[in-house]
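User: I am in my first year of study and should like a close look at one part of this model. Please explain it step by step, and then connect it to the other parts that deserve attention.

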Amino acid sequence: MPEFYRKKKKVCQMCAGKDVNYKDVETIKRYVTGEKLKIAPRRITGACAKHQRHIATEVKKARFMALIPFTK
């Protein structure tokens, strides 16, 4: 019988003190996915619900200001 391991729970980076701003393009790119540049879900980003909403608004601001494209 295979031994199971407990997966380490992701910690919300913003609760730990890191901030996301729409002007910081490199940080924003971490929160969008591959080809279609969709906003990554919470299970991927590891953010709590409150900060995932904040990430979504910052990504949308960056798209509107043409810092990142809507699609490739």
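In which helix is Ala62 found?

Analyst: The structure shown here is a predicted model, and what follows should be read with that in mind. Ala62 is found in helix H3, which spans residues 49–64. Its relative accessibility is 1%. Because buried means under 20% relative accessible area, Ala62 counts as buried.

The next step is to ask what surrounds this residue. Leaving out residues up to four places away in sequence, Ala62 touches Tyr22, Ile28, Leu67 and Ile68. One of these, Ile28, falls within the range of helix H1, which covers residues 25–29. A further relation concerns Asn21: Ala62 and Asn21 are 41 residues apart along the chain, and their C-alpha atoms are separated by 8.7 Å.

Helix H1 offers a second buried position. Thr27 lies in this helix and has a relative accessible area of 5%, so Thr27 is buried as well. When neighbours within four places in sequence are set aside, Thr27 is in contact with Lys18 and Val20.

The backbone also merits attention. Most residues other than glycine have a negative phi. Against that background, Leu37 has a phi near 55°, a positive value in a residue that is not glycine. Leu37 is placed in the loop between helix H1 and helix H2, the latter being residues 42–45. With a relative accessible area of 11%, Leu37 is buried.

Ala66 also has a positive phi, of about 65°, although this residue is not a glycine. Ala66 is found in the segment after helix H3. Its relative accessibility is 63%. Because exposed means over 50%, Ala66 counts as exposed. The two positions can therefore be set side by side: Leu37 is buried, whereas Ala66 is exposed.

Finally, one may turn to the surface. Lys9, Arg42, Lys50 and Arg53 form a positive surface patch. Among its members, Lys9 lies in the segment before H1 and is exposed, with a relative accessible area of 72%. Arg42 falls within the range given for helix H2, while Lys50 and Arg53 fall within the range given for helix H3.

Helix H3 thus links several of these points: Ala62, which is buried, belongs to this helix, and the segment after the helix holds Ala66, which is exposed.

Terms used. Residues are numbered from 1 along each chain as its sequence is written. This is a predicted model: local features need pLDDT of at least 70, side-chain atom pairs count only at pLDDT 80 or more; totals for chains, interfaces and linings use all residues. Side-chain values use heavy atoms; hydrogens and water are left out. Helices (H or I, at least four residues) and strands (E, at least two) are DSSP runs, numbered from the N terminus. Buried means under 20% relative accessible area, exposed over 50%, partly exposed in between (1.4 Å probe, protein chains only). Contact means heavy atoms within 4.5 Å. Patches are made of residues with over 30% relative accessible area and no salt bridge: like charges are joined within 9 Å, nonpolar side chains (Val, Leu, Ile, Met, Phe, Trp, Tyr) within 5 Å. Accessible areas come from the Shrake-Rupley method with a 1.4 Å probe; for residues, only the protein chains shown count as cover. A salt bridge is a side-chain nitrogen of Lys or Arg within 4 Å of a carboxyl oxygen of Asp or Glu. Lys and Arg count as positive and Asp and Glu as negative; His and the chain ends are not counted. The place of a charge is taken as NZ of Lys, CZ of Arg, CG of Asp or CD of Glu.
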